[in-house]
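Please follow this explanation with the sequence and the model side by side, moving from strands to charged side chains and then to enclosed space.

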Amino acid sequence: MLADLHTHSTYSDGKYTPRQLVQTAAAHNIAFLALTDHDSWNGVEEALAAAKQYGNKIKVIPGVEMGTQLRENSIHILGYYIDRNYEPLHLKMNEMRHAREKRLSKMLDKLHELGYAIAVEACDPQNRAVGRPHVAKALVAAGYFSGVQEVFDKLLKRGGPAYVPQPKLLPEEAIDLIHAAGGIAVLAHPSELNDQALVENLLRQYAFDGLEVYHPSADAAAQKYWRQLADKYKLLVGGGSDFHGIPDRFPPELGIFKIQAEAVSGIINYR
């Protein structure tokens, strides 16, 4: 059986609705699917409802991906099995999405100064979490660039001419909120941090419950290293494709990046 514990829907910066994600996962024999939108769990109910039509063929694990900042490092944290009635976390995520709206305005101002005339719909405070992928896709649609990755490389990467930092929580704030809501906190895509010492310091310093060992950013050697680190700190092993449905971002389709359910069974069977 296959699992994918890191996906995004239209409730943040993904292409597919939660229902479409579940349908696609079922078609590709993914038996365990986690919806982990950025600072939003608003698509989870739709995903859970969609899974019911498949009986026991697919289990949807409710989740969220929270962006945090530690000095110059962007630390993403996956939260699973969160009580979605926990008001403090709900309010904080709404606050983070509102901050994204302000950031969007600043990015568009920079782009207009650089000669790029585009418009991007602002955030819905209850649903969509607008980010750089939305801006990149608008630039591609307007004909300025051939692909999203090109936009990031030339304009939107950290330090780029149109980059605007996003206000974020500290890692311990996000972890505390996830735990207070009854969930588990997993450090996302450690290979994207490009600093093994930093990752180990994070695992040593903060109360993470798991580490995302399997991710497209980690090759076989990196996966082996992260698995050893997870074992060292007695952490649950996570894994997901980080699927957004963006054509020039791997994986372009759900089900291409395959993870055996047994490899991430600790999270699957947590609750």
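A residue is called buried when its relative accessible area is under 20%, exposed when that area is over 50%, and partly exposed in between. By that scale Glu95, at a relative accessible area of 43%, is partly exposed, and the same words will serve for the other residues discussed below. The model is a predicted one, and local features are taken up where pLDDT is at least 70.

A convenient place to begin is strand S3, which covers residues 59-70 and is mostly covered, since 11 of its 12 residues are buried. Strand S2, residues 30-35, pairs with S3 in the parallel sense over 4 bridges, and within this pairing Leu33 stands opposite Val60 of S3. S3 also pairs with strand S4, residues 73-80, and here the two strands run antiparallel and are joined by 8 bridges. In this second pairing Gln69 stands opposite Ser74 of S4. S3 and S4 form a hairpin with 2 residues between the strands, and in this hairpin Arg71 takes a positive phi near 55 degrees. As background for viewing such strands, the side chains in a regular strand alternate between the two faces of the sheet.

From the strands we can turn to the charged side chains. With a salt bridge taken as a side-chain nitrogen of Lys or Arg within 4 Å of a carboxyl oxygen of Asp or Glu, the count comes to 7. One of them joins the side chains of Glu95 and Lys92, with a distance of 3.4 Å from N to O. These two residues are 3 apart in helix H3, residues 87-113, and therefore are separated by about one helical turn. Lys92, like its partner, is partly exposed, with a relative accessible area of 22%.

A further salt bridge is found in helix H5, residues 148-156, where Lys154 and Glu150 are 4 residues apart and so are separated by about one helical turn. Their side chains meet at 3.1 Å, N to O. Lys154 counts as partly exposed at 49% relative accessibility, and Glu150 counts as partly exposed at 25%.

In helix H7, residues 196-205, what is the setting of the salt bridge between Glu200 and Arg204? The side chains of these residues meet at 3.7 Å, N to O, and being 4 residues apart in the helix, Glu200 and Arg204 are separated by about one helical turn. Glu200 is buried, because its relative accessible area of 13% lies under the 20% cut-off, whereas Arg204 is partly exposed at 49%. Salt bridges that share partners join Glu200 and Arg204 with Lys232 into one network.

The last feature is enclosed space. Rolling a probe the size of a water molecule over the atoms shows where empty space is left. For this model the count comes to 1 cavity of 30 Å³ or more, and the largest cavity holds about 40 Å³ of space. Its lining is made up of Leu2, Ala3, Asp4, Ile30, Gly255, Phe257, Lys258 and Ile259. Strand S1, residues 2-7, gives the most to this lining, with 3 residues. Sorted by character, the lining of the largest cavity divides into 5 nonpolar residues, 1 polar residue and 2 charged residues.

Note on methods
Residues numbered from 1 in each chain as written. Predicted model: local features only at pLDDT ≥ 70, side-chain atom pairs only at ≥ 80, totals over all residues. Heavy atoms only, no water. Buried < 20%, exposed > 50% of the residue type's maximum accessible area, 1.4 Å probe, protein only. Pairing = 2+ DSSP bridges. 1 Å grid on protein atoms, 1.4 Å probe; cavity = no way out; pocket = protein on both sides within 12 Å on 5 of 7 lines; lining within 4 Å. Points joined across faces, edges and corners; volume = space filled by probe spheres on them. Nonpolar A, V, L, I, M, F, W, Y, C, P; charged D, E, K, R; others polar.
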